[in-house]
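Hello,

Here is the structure we spoke about, handed over for your files. My notes on it follow below.

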Amino acid sequence: MHVLGDLVVRERRSGRPAFHVAETDRSISYRDLCTTAYKAGNVLRYLGVRERATVAVVGTVGPHPLWAFYGAGQLGAVTRFAGHEDAVDAAPRVLLLPVTDEERVAPGPRTKLATYGGAPTQVTTLHWEKELWSENPAVHPTDVDPTDPLLTTGSRTYTHEDVLDAARAVVDAFDLDETRRVAVRGPLSQPHVVTAGLVAPILAGGTVVAPTEESSSDVAVVGHGVDAVPEPRVCRADDVPL
């Protein structure tokens, strides 16, 4: 597997859980992950996303940020997980955020705004979920190279190769496989959290978990300065060779 899109090819579709929301006890299968990632890519392409364009995503770990990341990666676009102000300042091609935050941002004319978690209040804002469910999961005719940019913090950009190599190191260090559950307890604005939390478990065929404070998985991916978690093993920034 050389680029992020290789992790959601049709051959990887199955009924095994790829993502689990602990609060609602709801799981998303690898079949749904792969199919909806293609749909997300098509929605983003409809919004004008092309190679090296930036897709800014606001929010904590959840299905829609995950799908947007994998959809953008298939197009050769760059994802930036950020807060409201940072996302707007970056002038991305698309800004995706929770509908409850819609009125907190004022993107420029180059940015298409999309919300998830409900219908937007502004007619110029795209209802992400509505478009996602109605989209056709066609294969994208885009050639993506391992050296193409995939993830950015604004000050530093990581390629597909950077992220996948670091994810493989996490898989090996934490013995991730199809049986492992990885709880994402850190902010997605930190690249090691994205790599170890959204990429490594999928690479291994395991499960990404949006946890509650009380729920426990096999591994917790945490942000800087976090110590106490219910998981038996903890993945920190120093464990991710980015």
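**A threonine in a helix, a cavity and an arginine**

The backbone oxygen of P191 sits 3.0 Å from a polar atom of the T195 side chain. Please keep in mind throughout that this is a predicted model.

T195 belongs to helix α6. Its relative accessibility is 0%, so T195 counts as buried, the cut-off being under 20%. Leaving aside residues up to four places away in sequence, T195 touches V163, A166, A167, A200, V240 and L242. T195 and A237 are 42 residues apart in sequence, and their C-alpha atoms are 9.9 Å apart in space.

P191 also appears in the lining of the largest cavity, together with F81, L151, T152, T153, L188, S189 and V194. How many cavities of 30 Å³ or more are there? The count is one, and the largest cavity has a volume of about 30 Å³. Two elements, β8 (149-152) and α6 (191-204), each contribute at least two residues to the lining of the largest cavity. By residue class, that lining has five nonpolar and three polar residues, and no charged ones.

T153, one of the lining residues, is also a partner of R80: the R80 side chain reaches the backbone oxygen of T153 at 3.3 Å. R80 lies in strand β4, which covers residues 78-81. Is R80 buried or exposed? R80 is buried, because its relative accessible area of 14% falls under the 20% limit. Not counting residues up to four places away in sequence, R80 touches T54, V55, A56, V57, D86, A90, T152, T153 and G154. Of these contacts, T152 and T153 are among the residues that line the largest cavity.

Last, the cysteines and disulfides. A disulfide is a covalent bond between the sulfur atoms of two cysteines. In this model the count of disulfides is zero, the criterion being a pair of cysteine sulfur atoms within 2.5 Å. C34 has a relative accessibility of 1%, so C34 counts as buried. C235 is buried too, with a relative accessible area of 0%.

In short, the items to look at in the viewer are the P191 to T195 contact, the R80 to T153 contact and the lining of the largest cavity, which includes P191 and T153.

Regards

Methods. Residues are numbered from 1 along each chain as its sequence is written. This is a predicted model: local features need pLDDT of at least 70, side-chain atom pairs count only at pLDDT 80 or more; totals for chains, interfaces and linings use all residues. Side-chain values use heavy atoms; hydrogens and water are left out. Buried means under 20% relative accessible area, exposed over 50%, partly exposed in between (1.4 Å probe, protein chains only). On a 1 Å grid over the protein atoms alone, a cavity is a set of points where a 1.4 Å probe fits but cannot get out, and a pocket is an open set with protein on both sides within 12 Å along at least five of seven lines; lining residues have an atom within 4 Å of a point. Grid points are joined across faces, edges and corners, and a volume is the space filled by probe spheres set on the points. Helices (H or I, at least four residues) and strands (E, at least two) are DSSP runs, numbered from the N terminus. Ala, Val, Leu, Ile, Met, Phe, Trp, Tyr, Cys and Pro count as nonpolar, Asp, Glu, Lys and Arg as charged, and the others, Gly among them, as polar. A polar contact is a pair of N or O atoms within 3.5 Å; within protein, one must be able to donate a hydrogen and the other to accept it, and residues adjacent in sequence count only if both atoms are side-chain atoms. Contact means heavy atoms within 4.5 Å.
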